[in-house]
Amino acid sequence: MGATQETLYAGVEYDAGLSWSERDLPQRLRTKHVHSLHPYLGKYVPQLVEELLRRYVPRGGRVLDPFAGSGTTLVQSLESGHDSVGVDIAAFNCLLMRVKTREHNPFVLERELRDALARFEAGEGSAGRTTAYVRRWLAPQSRAELLRFRSLIGDYESADALRVVLARAARSARLTTHFDLDFPKEPQTEPYWCHKHKRECRPVEHAGHFLRRYVMDTLVRLKEFAHLRGRRNAEVIHGDARDASLPGKFAAVITSPPYPGLIDYHEQHRYAYELLGLDDRRDLELGAAVRGTTRGAIRDYVEGVGDVLAAASASLERGGRVVIVVNDSRSLYPEILERSGLELDERFRRHVNRRTGRRAGEYFEEILVARRR
Ligand SMILES: C[S@@+](CC[C@H](N)C(=O)[O-])C[C@H]1O[C@@H](n2cnc3c(N)ncnc32)[C@H](O)[C@@H]1O
């Protein structure tokens, strides 16, 4: 383990400079400004990235995240004064990252988002194309409202921000129970006993109030971040990080790869793919839950992540570090690093204190700092 501020918790040493209690770092700060523009399962906390940037990236150095997800690395890089590039195989994640990191004109953004909402309230728009998933997971009125809003989006320069609002409203309006928004299996069409609210709840029948709320919330969050983002650039590449063409050289890689068999990154935002007609490349997703954790699946994962890290490290400047945040409960990373031509330099343990969500609880994750052999 590395030598920085080590502390003991339940007999396990961890780096206190990379670990925060709920009191030190409440949810409000972990989900500040654009970080909670849309729910995303499997992101790391922005404050961790901030600290890793401070430790491993020289002033003004470019940063690469080959598994960029919801864009935490890119957003924090902007805030800390670094150019960055993020790659992700999931189109919705790329859309979300672009909206978070783009330099929006605040006047245009405000005028357009308010105008789209006003037209929606006035009853403008029409239904258009729909899919079996949309018919199954959204009540008739929610569906009609979301489709009507969707038909207005193309009229605006801020269309991508409106697409994220639409996706977020659709997620909230799905026929799910309140206690299972992350992994719903079947639509909930009848009233049900709600474990979260301890009373009988009813499935959502309308989406208009979500659209209203999220248009305003998106506006506030994007405007807040506009004051912090500085003038650096964040480039988003939609592709497979094993063979994406990476522009230029990087001072560091900071990333958290998917864990094998845990999350389906396309499927968690299925409603967005269905409503927005996004390009679905789930077959190229590494470590997808749907593939399970058979020996073959683990082998593919090791080879895939190894190839990504090899490609990423080939684009590093001399002396640049590859910083990987991982919960390596299967001890796969020694082999992955070996395969990708990296050697471990430092290794820190971080205490993760999670208070919300179905996977609440405490655990440790590791920060592996490697360099090219
Ligand atoms: C653990 S998440 C990263 C989360 C990110 N650190 C954040 O804070 O939002 C892993 C990401 O890797 C992406 N991914 C999986 N296979 C990929 C591949 N072959 N190429 C690029 N990205 C991939 C997934 O879509 C997912 O968004």
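Does Lys198 count as buried or exposed, and what is its relative accessibility? Keep that one in mind as you work through these exercises on a predicted model.

**Exercise 1. Place Lys198 and His33, and compare how covered they are.**

Step 1: find the two loops. Lys198 sits in the loop between strand E5 (192-194) and strand E6 (199-201). His33 sits in the loop between helix H1 (27-30) and H2.

Step 2: look at the backbone angle phi. For Lys198 phi is near 55°, which is a positive value in a residue other than glycine. His33 also isn't glycine and has a positive phi, near 25°.

Step 3: check the cover. The cut-off for exposed is over 50% relative accessible area. Lys198 has 60% relative accessibility, so Lys198 counts as exposed. Buried needs a value under 20%. His33 has 2%, so His33 counts as buried.

**Exercise 2. Work out how much of helix H2 is covered, and name the buried residues.**

Step 1: mark the helix, which runs over residues 46-56.

Step 2: count. Eight of the eleven residues in H2 are buried, and that makes the helix mostly covered.

Step 3: name them. Start with Pro46, Gln47, Leu48 and Val49, then add Glu51, Leu52, Leu53 and Tyr56.

**Exercise 3. Describe how the protein surrounds the ligand, beginning with the residues that come nearest.**

Step 1: pick out the neighbours. There are 26 residues around the ligand, and the nearest are Tyr40, Ser70, Thr72, Asp88 and Leu286.

Step 2: go through some polar atoms. In the side chain of Tyr40, an N or O atom is 2.7 Å from an oxygen atom of the ligand. Asp88 has a polar side-chain atom 2.7 Å from an oxygen atom of the ligand. With Asp240, the partner is a nitrogen atom of the ligand, and a polar side-chain atom of Asp240 lies 3.0 Å from it.

Step 3: ask how well the ligand is wrapped up. On its own, the ligand has 610 Å² of accessible area, and the protein covers 99% of that.

Step 4: turn to the space itself. The largest cavity is the space taken by the ligand.

**Exercise 4. Follow two residues of helix H5, Arg119 and Glu112, and list what they touch.**

Step 1: locate them. Arg119 is in helix H5, which spans residues 106-121. Glu112 lies in H5 too.

Step 2: decide whether they're buried. Arg119 has a relative accessible area of 18%, so this residue is buried. Glu112 has 8%, so Glu112 is buried as well.

Step 3: list the contacts, leaving out residues up to four places away in sequence. Arg119 touches Glu124, Leu152, Asp155 and Tyr156. Glu112 touches Tyr156, Glu157 and Ser158.

Step 4: zoom in on the polar contacts of Arg119. One runs from its side chain to the side chain of Asp155, at 3.0 Å. Another joins the side chain of Arg119 to the side chain of Tyr156, at 2.9 Å.

Step 5: try a distance. Glu112 and Arg232 are 120 residues apart along the chain, and their C-alpha atoms are separated by 25 Å.

**Exercise 5. Set the chain separation of Ser84 and Val253 beside their distance in space, then do that for Val134 and Ala272.**

Step 1: start with Ser84, which lies in strand E4 (residues 84-88). Its relative accessible area is 3%, so Ser84 is buried.

Step 2: read off the pair. Ser84 and Val253 are 169 residues apart along the chain, while their C-alpha atoms are separated by 9.6 Å.

Step 3: list what Ser84 touches, again skipping residues up to four places away in sequence. You should find Val63, Leu74, Ser77, Asn233, Ala234 and Glu235.

Step 4: move on to Val134, found in helix H6 (residues 132-137). Here the relative accessible area is 3%, so Val134 is buried.

Step 5: read off the second pair. Val134 and Ala272 are 138 residues apart along the chain, and 9.9 Å separates their C-alpha atoms.

Step 6: finish with the contacts of Val134. Setting aside neighbours within four places in sequence, Val134 is in contact with Arg143, Glu274 and Leu275.

Terms used: Residues numbered from 1 in each chain as written. Predicted model: local features only at pLDDT ≥ 70, side-chain atom pairs only at ≥ 80, totals over all residues. Heavy atoms only, no water. Helix = DSSP H or I, 4+ residues; strand = E, 2+ residues; numbered from the N terminus. Buried < 20%, exposed > 50% of the residue type's maximum accessible area, 1.4 Å probe, protein only. Contact = heavy atoms within 4.5 Å. Near = heavy atom within 4 Å. Polar contact = N/O pair within 3.5 Å; in protein donor to acceptor, adjacent residues only side chain to side chain. Areas by Shrake-Rupley, 256 points an atom, 1.4 Å probe, with all protein chains shown as cover. 1 Å grid on protein atoms, 1.4 Å probe; cavity = no way out; pocket = protein on both sides within 12 Å on 5 of 7 lines; lining within 4 Å. Sits in = over half its atoms within 2 Å of the grid points.
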